[in-house]
Amino acid sequence: MDNKAFEDSTENEENCVVEEKVNNIPIDVISDTQVGKMKNEVDASSCSYRTGYQGQMEILPTLHELHNPAAESQQQQEMRVTKAREFADGSRFKVSTYVPTGIEMENIPQGSAQIGNDNSITGLTNRKGSVATVSSHDRNRKMSRDVIPSIEHYRTQPTQQVQTTVRRPTMHELCNPANEEVQLQNTNETTIDESQNEMEKEPVVEPVKFGWIEGVLIRNMMSIWGVMLFLRLSWVVAQAGIGETLVIIAISTFITLVTALSMSAISTNGEIGGGGTYFVMSRVLGPEFGGSIGIIFAIANAMDCSLNVVGFAQAVQDMMLEYGGVIIIDGADNDIRIIGTVTMIFITAICGLGSQYETKMKDIMFVIMLASLANFLAGSIMGPSSELEEARGFIGYSVDLLTENWDPAYTITGGQMQNFISVFSVYFPASIGILAGANVSGDLKNPNSAIPKGTILAIIICSISYAGVAIICAATVARQATGRVMDLANGTYLNCTAAGNSSDCTSGLYYDYQAMSLVSAFAPLNYVGCIAATISSALSDFVSCPALLEVIAADELYPYWMVGVWGKTYGKSKQPLRAFAFTFVLALAFVLIAELDMIALLISDFFLATFALMNFSTFHVSLIKPIGWRPTFKYYNTWLSLLTGLLSVASMILISLPIAMITIGIVSFFYMVVLYRKPEVNWGSSTQAQTYRAALTSIQQLVHIEEHVKNYRPQILVLTGLPNTRPALVDFAYLICKNNSLMVCGNIVEERLTFEMRSKLQQKAYRYLRFTNIKGFCSVADNSNLHTGVAAMLGLSGVGKVKPNILMMGYKNDWLTCDRKSLDQYVLTIHTGFEMNVGVAVLRLQEGLDCSEILADIDDLILNKLSKDQSSSHQAYEWSVTSNGSNFSPNPDSSNENNVNVIGEDSSYDPSERRRTVVLGVTKNKKSKKSKKLAITFRDPEGNELPKSVMNKIILFQKKQKKDTIDIWWLSDDGGLTLLLPVIINSRSNWSDTRLRIFCTASGVHELEQEQQGMAVLLSKFRIDYSDLVIISDVDEAPKKKTKKWFDGLIRPFLEPRTNGPRITEEELEIFQYKTNRHLKLRELLLDHSSDSNMVVMTLPMPRSETLSAPLYMAWLEALTANMPPFMLVRGNQTSVLTFYV
C-alpha cells in the first residue's frame, strides 16, 4: 500500500512548458528482527557503584558493531521531448522559462515555436517567460539543466520589475533526471495570459525615491536642527557654561556618531527594506528585541513630533507677544495647547498626502533654516543695534564675557535645582534626529549607501553648528539682564542682585529662550527659522511613526488587535491611514502636556534605549562573526559599539531612574509577547548564530571531558516511526527526557528515499513535536531493515557526548502472528542495542502503541491550523473528547491479548460530566481562557470522534496519575538504570503522587534479612524515597501447573513442524527450562503484587546464547507483561548510572 507521506507533491505550475512526472514509490516501515548475542547478568550489589573518589565508571568491554551492508544503484531515466514546431520566419530562439524542473532550453531548432508580427512568441504557455533571439541553423535541440549565476536566484522575495527567469534547479533535478515532456502549444496561445497583458497595460504608479542628499542628509539635518537649537541651547549655555556645554555636545555627538557607524555597518551588510531602524535591528537581534525596540522607537518618534510641535507653539506664542501682544486665552500653557492642536492637524494633513509633499516642504524649510543661521551669524558680528537689545544682555563679542560664561552656574528652574545630568537630558533630544533618514529607508533609491553617507555627514555638520551657536551665545550675551534701558544708563542692567530680587531679571541666557532672535540681524527671520526647524522635525517624526507601525504589522510579530490593526493601508498609494490616526492621537496627547522640558525628559530615555540596542546589535553580530557578516562599511569598532551601548544605558539611568525603569519595562513586555507567540519568522539573526556557536563550543568542550556518573543523563533513541502514529510512546520517552536530556525519534524505512521524501518525513515529524510542545529531534534511516537501521542510528545519531545511550522501543504485540523474519529482526534489534553498549527499554501497553489504524492523519489538521492562524489569529477550535462507551484494539494483528481490559477506566458516558477539551494531549477545561491556540480534533479515519476510553489511553502519560504505586522489579544489577528511570518519572508533576515500591530477589531464605538490610542501605545512599522494599526469596521455586499450561499453549504454534523445522525445539526448551520456570514464577509474583499498580518497571531478560530462538525469548517477555498495567522492561549497559559519592 502506498504511503502518502512519501509521495512527491507535484507543483501545478500555471502554463508550464515542461511537466515533470515522478512515480510514487511505496514505502513500508520495517518491523523484522533477528536474534543476536546476549550478555551475563549479576545480582544487585552496592559494590558495583563504588566508583572511588576519582569518579571512574565501571565499563564493560566494548562489543562488536553490526555491519550494515547497503548498496543500491540509482536508476537513470531518459528525457523525452516532443516534436518541435517550425518558426514562422525560420530563425532560432533561446528560450528561458520558469519551469518546475529547472530546465533551461537552448538552441531550439526551426519549428519549435512561432513568432507573430509583434515579435511575441506564441506556442509557449508559461509564466511571463523571457525570450531572447539568437541566430542558428537547423539541428537537434540540446537541453542543459545548469543555469548561469543570476541575482534573481538569490532573492528571497522576487521583485516586481523582474518578470520571470530560469530558476536554479534543485540537486535532485540535477542528479535524477525524470521523464519530461516539452509540449509546445498552438500558435494562438501566448506566453503571457491576456489578463496579465491587460494588467500590464494599466499605468503603474512608481513610488518616489530619494537620493542620499534629499532623502537622508537634509532630512537628518532638519531633524537635528530642531527646537533645541532655537529655544534651549542658550539656556544650556547659561546653566552649564560654555565649557560643560561643549562637553555635553561632545558626549551627545560621540553617542550619535558611534551609533551611526554601527547602523552604517549593519545597513551595508545586505539590502534593507522599509522600516529603517526597526528593520535593521530585528534582522540582526531577532524578532524579540527587534519588535520591542521597534514599538519603543515608533512611540518615541510620536513623542518627538509633539516636542517639536510644542516648540513651534512656544515660538509662535513669543512672536505674537513680541510683535502684537496677542494672547489667545492666558498667554501660557493653554495658548500652547491650542496652537499645538492646530499644528498637529496641519502636519497630519501634509503627511497624509504622501512623502513627496513632506519632502518638498522640508526642502523649502531647509533653505529658510540656512538663511536663519546666516542671519544669526551676521547679527552677532554687527552687535546690538539699539539700547534695548543691549539692556536685554546682548553685548557683542567680548573676551571677558566669554571668560565669565565659561564656568557653569546652575540655578533653580521650574522648581528644580539644575545640574549636569538634568541639563544633558534637556539637550540630548537635539541629537535624536540622526535616524530620520534611516526610518524612511523604503523611500530611498539606494539605502545601503545613502544611510551611512547622509547620517554621518549630518552629525558632523550639525554638531559643529551647535558648538558654534553655543560659543557665539556665550561670547555675545550675558547670563542675566534686567532688560530695562534705565538700568543700562546707570550701569546696573547686568547686576540683577543690585535690584534686590533676582526675579527682576527677565532677559539674558537664563530667562530669554529667544536669545538667538535677540542676536540675529533681523529677528523675525529667526522666528521663521525656528518655526521652519520645528515644523520640519515634526514632519520627519510624524512620517516615521506610521512607517514603523506598518512594517511591524506586516511582520505579524504581535497580535492583530495590538499592532496589526494599525498597518492596514488604503487607496492606490497604500497609505496606512490607521497608523496616521494613531500617531496623531498619541502625539496630540503629549502636545497637551505643553511642557517642553518634561517631554524632552521622556524622549531622552526612549531614544537612548534605541541607541543602546543599535550599538549592542553591531557589537553582537561583529563578535559572533557569522559567515554572512561582510559589511561594505568598514569604519566601525566592535568594542567601541559596546562602550557606546553601555554609555547609553548609563545615561538613561542617570537622567531619570523611574523613567529608565518604565522604558526597560515596556521593552521587556513587548519582548515577552514575541517570545510567547513564537512567530513564524526566520531572519538569520545574530542570536541564531550565537546559539549555534555556543552549542558547538559546548559540544566540543564535552568531548574532552571524561564522563562522570553524577552527570549521567538518559539520552533516548525511541523508535516511534512517525511520532504522530505512536503518541503514547513519544509522551513516555519525553516524560524521562523533558528538560533533562536528549530525545531522538527514530523512523526506519525499508525503501530508499529521495531527499524530498526524507525532508517531508522529517518536516511532518517536527511539526507534530512542535505542535505538542515536545522538544526532541527526528532521524530517518532508509534502505535498511530494522536492526541495521537501529545500528546506524545508534552509531551516527548525536555529536560527541550528546548522543543516545538508551534504545527505547515498543513491545511487538503481534509477535504470535507475524512472519518469522519480522520476529527475528525485532529480537535482533534488542541485541543490537546491547552490542552498541547502550541500555535497552521496551514499553508495553495492553492496547498497543501503534495508533495509525485508529487515528486520522493529524498532520493535515496541523497544517490547516497553521494556515488558519495566518489568516485569523483570533479563531479557535477545540479538540473535543467524548465517550460512546466502546473499547478498542488498535492493533488488529494482535492475537495474544484479544480481550483488552482497560484498567481504571469507565467506558460509560456520563451526560452530566462537563465537556473537556484537549489541545494535543493536554487536558483543559473548555471554559479556560488561558489558551487561544487552535486545537485539533483527534478522530478516527472516518472522521468520527474517539471514545473517551480510547482517548485516555492515547494521552495516558500526559494525565495526572492516581495515588498508587510504581513497582520496580530490580532483579539484576544493570548499573542502576532500572531504578533510575522510574525515579525520574516519579519526579514529574503528573506522577508525583505515586509511590515507589521496590522488589528484589534474595539468594535464599537464610539470606533474606541480610539482603533486605543491604538493599535498604544502598537505597538510602542513593537518596531514593520509596514506600516499600520487598525481598522475594521464592523466585526459584517451580511455577504452578496452571501457569505452565498457559505457557505451553502460548508456544504450541512454534513447536509444530514446518518446512525449516519447528521454531522452538524440544532441546531448546530443555536447555532453558530453568529460565522459563523462573520467568513463569515471576509472572505469578507480578500478578499477586503489581496487577493494580500504575506502572511496572522490570529488568529486561537477557538472551545469553545463540541457541535461544526469538519465539522463546518473546514468550518470556509475554509471560512477564501479559495482562499487566503499563509495563517497561529495561536493562542498562552494565555501567553505573547511580552513585552515593558527593
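**Exercise 1. Place Asn615 in the fold and list its polar and long-range neighbours.**

Step 1. Asn615 is buried: its relative accessible area is 0%. Buried means under 20% relative accessible area, exposed over 50%, and partly exposed in between (1.4 Å probe, protein chains only).

Step 2. Asn615 belongs to helix α19, residues 596–624. Helices (H or I, at least four residues) and strands (E, at least two) are DSSP runs, numbered from the N terminus.

Step 3. A polar atom of the Asn615 side chain lies 2.7 Å from the backbone oxygen of Phe611. A polar contact is a pair of N or O atoms within 3.5 Å; within protein, one must be able to donate a hydrogen and the other to accept it, and residues adjacent in sequence count only if both atoms are side-chain atoms.

Step 4. Set aside neighbours within four places in sequence. Asn615 is then in contact with Val258, Thr259, Ser262, Ser641, Thr644 and Gly645. Contact means heavy atoms within 4.5 Å.

Two conventions apply throughout. This is a predicted model, in which local features need pLDDT of at least 70, side-chain atom pairs count only at pLDDT 80 or more, and totals for chains, interfaces and linings use all residues. Residues are numbered from 1 along each chain as its sequence is written, and side-chain values use heavy atoms, with hydrogens and water left out.

**Exercise 2. Characterise the chain as a whole, including its confidence.**

Step 1. Count the elements. The protein chain has 34 helices and 23 strands.

Step 2. Check burial. Of the 1142 residues in the protein chain, 53% are buried.

Step 3. Check contact range. Among contacts with a separation of 6 or more, 84% join residues 24 or more positions apart.

Step 4. Check confidence. pLDDT is the predictor's confidence in each residue, from 0 to 100. The chain averages 76, and 74% of the residues score at least 70.

Step 5. Find the extremes. Among the elements, strand β11 (residues 716–719) has the highest mean pLDDT, 96, and strand β16 (residues 880–881) the lowest, 30.

Step 6. Locate weak stretches. pLDDT stays under 50 over residues 1–142, for which the model has 386 contacts beyond four places in sequence. Residues 158–164 also stay under 50, with eight such contacts.

**Exercise 3. Test the length of helix α26 and describe its surroundings.**

Step 1. The expected span is 1.5 Å times one less than the number of residues. For the 16 residues of α26 (residues 820–835) that gives 22 Å; the end C-alpha atoms are 22 Å apart, which agrees.

Step 2. In α26, 14 of the 16 residues are buried, so the helix is largely enclosed by the rest of the structure.

Step 3. Look at the start. A side-chain oxygen of Asp819 comes within 3.2 Å of the backbone nitrogen of Lys821.

Step 4. Look past the end. Asn837 follows α26 and has a positive phi, near 60°.

Step 5. Look upstream. Thr817 sits in the loop between β14 (806–810) and α26. At 43% relative accessibility, Thr817 is partly exposed. Its C-alpha atom is 9.7 Å from that of Pro1053, 236 residues apart along the chain.

**Exercise 4. Classify the Phe1072–Trp1116 pair and survey the other ring features.**

Step 1. Rings of Phe, Tyr and Trp (its six-membered ring) pair if their centres lie within 6.5 Å; planes under 30 degrees apart count as stacked, over 60 as edge-to-face and the rest as tilted. By this rule there are 24 aromatic pairs.

Step 2. Phe1072 and Trp1116 are 6.0 Å apart, centre to centre, with 70° between the planes: edge-to-face.

Step 3. Phe1072 lies in the loop between α32 (1066–1071) and α33 (1073–1089) and Trp1116 in helix α34 (residues 1110–1121), so the pair ties together parts 44 residues apart in sequence.

Step 4. Phe1072 is buried at 11% relative accessibility. Trp1116 is buried at 2%.

Step 5. One aromatic cluster contains Phe297, Phe424, Phe428, Phe607 and Phe611.

**Exercise 5. Find residues other than glycine with a positive phi, and place them.**

Step 1. Most residues other than glycine have a negative phi.

Step 2. Glu556 has a positive phi near 55°. Glu556 is in the loop between α17 (523–555) and α18 (577–591).

Step 3. Asn739 has a positive phi of about 55°. Asn739 is in the loop between α23 (727–737) and β12 (743–748). Asn739 is exposed, at 66% relative accessible area.
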